[in-house]
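Hi,

Here is the structure I said I would pass on. Have a look when you get a moment, and my notes follow below.

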Amino acid sequence: MALTPRPGIMSIAPYVGGESSLPGQNRIIKLASNESPLGPSPRAVEAYKALASELHRYPDGGAVALRAALGRHHALEPSRIVCGAGSDELIGLLVRAYAGPGDEVLYSRHGFLMYPIAAQSVGATPVTAPERDLTADVDALLARVTPRTRILFLANPNNPTGSYLPSAEVKRLRDRLAPDVLLVLDAAYAEYVTRADYDAGAGMVESHDNVVMVRTFSKIYGLAALRIGWAYCPPAIADVLNRVRGPFNTGAAAQAAAVAALEDRAHTEKARAHNDRWLPWFSKQVEALGLIPHPSLCNFVLVQFPEATGGADKALAFLNGRGVIPRRMAGYGLPDCLRFTIGTAEEMEATVAALREFTGRRP
Ligand code: PMP
């Protein structure tokens with residue numbers, strides 16, 4: 001008999017990341033993966049380099065120094081923190097530990113694509129709830145909860161829409177959720193948010209046994225290449241994750257760079273200030289060109305291309321021809337949109353110039 005993977009595996013649509021090159025183009029403006037245009041803190045780069053003499057050693061499997069630094073930085077209990085190879089790994093581990101064949105994993109219609117991938121890889125069924133104005137809808141999510149629902153993922157703020165749920169709405173969701181459903185608050189972009197009605201969810205984790213928050217160093221800290229993220233958990237869930245994770249799931253250089261990145265608050269502030277300046281600028285320029293930017297609290301903007309402009313696919317081909325790489329959104333069920341990461345000032349200006357050429361409009 002031929003070797004076959006478990007049922008459901010072949011129906012997974014592989015995750016397609018943003019391209020980092022274009023044939024025939026030597027100057028690339030890569031705006032496809034929500035990376036930080038400032039790169040990491042120079043202190044993080046130094047810490048990374050310093051690990052070169054230790055490459056023959058296994059890392060600290062418990063990431064003790066990083067958990068302690070996270071505890072200090074965010075005023076959290078380090079024993080409740082579990083580190084992972086990016087938040088992607090933690091999402092996968094949570095699904096592996098809490099869902100299985102026949103179970104349902106619920107998320108919002110335009111939620112992050114790792115949720116269905118993780119669900120399908122354990123034989124669970126991904127279930128989506130409709131959104132309102134490209135924003136998660138608490139009532140719609142609650143209406144999709146069944147006795148088979150094991151996990152509800154909420155990216156807050158959400159990728160790729162950039163929208164968010166105020167803390168009162170997240171609280172309403174949590175209050176109405178059965179205690180045997182795990183609520184995962186994916187706060188990958190939390191560091192960019194300065195709104196008073198937003199909360200990443202650490203307090204909720206401390207007061208509830210079924211809430212986990214996952215975070216990453218890939219975004220504002222600019223360490224995407226090192227694959228390092230963390231989860232803040234109720235003690236019982238931290239215990240479960242520590243049982244299912246690989247013994248050395250995060251590298252030594254990643255741990256050291258992450259500690260240094262946390263300590264360089266000035267660099268994080270600079271990255272946030274850059275985003276605060278260029279995100280509204282880009283949105284305004286795009287709007288003046290007759291395109292529809294979606295309000296975003298993250299480091300990217302989802303832009304809708306109305307029919308009259310020729311549509312998102314034509315825009316993508318045109319932009320690629322100018323070396324600009326936004327992310328195609330068809331895989332997220334948003335075929336008329338492209339998502340643009342906020343890049344450097346020069347990259348943003350060049351992107352708007354290319355969009356101006358595409359639309360034939362002056363802002
Ligand atoms: N969650 C969300 C909402 C994201 O947008 C991303 C990155 N695209 C991740 C998690 C995963 O990030 P990483 O694995 O790099 O930590």
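To start with something you can check by eye: how are α2 and α9 oriented to each other? Keep in mind as you look that this is a predicted model.

The axes of helix α2 (residues 64–74) and helix α9 (residues 252–263) cross at roughly 20° and come within 9 Å. Angles under 35 degrees count as roughly parallel, so α2 and α9 are roughly parallel to each other. Their crossing is left-handed. On the α2 side the contact is made by A65, L66, A69, L70 and H73, and on the α9 side by Q255, A258, V259 and L262. Sorted by type, the residues of this contact of α2 with α9 are seven nonpolar, two polar and no charged.

Next, helix α10 (residues 265–288) and helix α12 (residues 345–359). These two pack with their axes 10 Å apart, at an angle of about 10°. That angle makes α10 roughly parallel to α12. If you want to pick out the residues, W278, W281, F282, Q285 and V286 of α10 meet A345, M348, V352 and L355 of α12. The contact of α10 with α12 divides into eight nonpolar residues, one polar and no charged.

The third pair is α3 with helix α4 (residues 114–121). Here the axes come within 9 Å and cross at roughly 40°, so α3 and α4 are oblique to each other. The crossing of α3 and α4 is right-handed. From α3, the residues in the contact are D88, I91, G92 and V95, and from α4 they are M114, Y115, A118 and A119. That contact of α3 with α4 has six nonpolar residues, one polar and one charged.

Now the ligand. Helix α3 (residues 86–98) turns up again here, since this is the helix that gives the most to the shell around the ligand, with three residues. There are 13 residues around the ligand, and G86, D88, N159, T216 and S218 come nearest. So D88 has two entries in these notes: D88 is among the residues nearest the ligand, and D88 also takes part in the contact of α3 with α4. By type, the shell around the ligand holds seven polar residues, four nonpolar and two charged.

A few backbone details you may want to look at:

- N156 and P157 are joined by a cis peptide bond, with omega about -5°. P157 sits in the loop between β5 (149–155) and α6 (167–176).
- The peptide bond from N159 to P160 is cis too, with omega near 15°. P160 is also placed in the loop between β5 and α6. N159, on the other side of that bond, is one of the residues that come nearest to the ligand.
- D133 is a residue other than glycine with a positive phi, near 50°. You will find D133 in the loop between β4 (125–129) and α5 (138–143).

Finally, the annotation. UniProt, in an unreviewed entry, lists residues 28–355 as "domain: Aminotransferase class I/classII large". Over residues 28–355 the chain is 40% helix and 16% strand, and the C-alpha atoms at the two ends are 15 Å apart.

If you only have a few minutes, I would begin with the loop between β5 and α6, where P157 and P160 both lie, and then go on to D88 beside the ligand.

Cheers

Note on methods
Residues are numbered from 1 along each chain as its sequence is written. This is a predicted model: local features need pLDDT of at least 70, side-chain atom pairs count only at pLDDT 80 or more; totals for chains, interfaces and linings use all residues. A residue is near a molecule or strand if its C-beta atom, placed from the backbone, lies within 6 Å of it. Helices (H or I, at least four residues) and strands (E, at least two) are DSSP runs, numbered from the N terminus. Ala, Val, Leu, Ile, Met, Phe, Trp, Tyr, Cys and Pro count as nonpolar, Asp, Glu, Lys and Arg as charged, and the others, Gly among them, as polar. Axes are lines fitted to C-alpha atoms, for helices over the stretch in contact, and angles run from 0 to 180 degrees between N-to-C directions. Angles under 35 degrees count as roughly parallel, over 145 as roughly antiparallel, 65 to 115 as roughly perpendicular and the rest as oblique. A crossing is left-handed if the near helix is turned anticlockwise from the far one by less than a right angle, and right-handed if clockwise. Two residues are in contact if their C-beta atoms, placed from the backbone, lie within 7 Å. UniProt positions are given in the numbering used here, feature names are shortened, and annotations may be inferred rather than shown by experiment.
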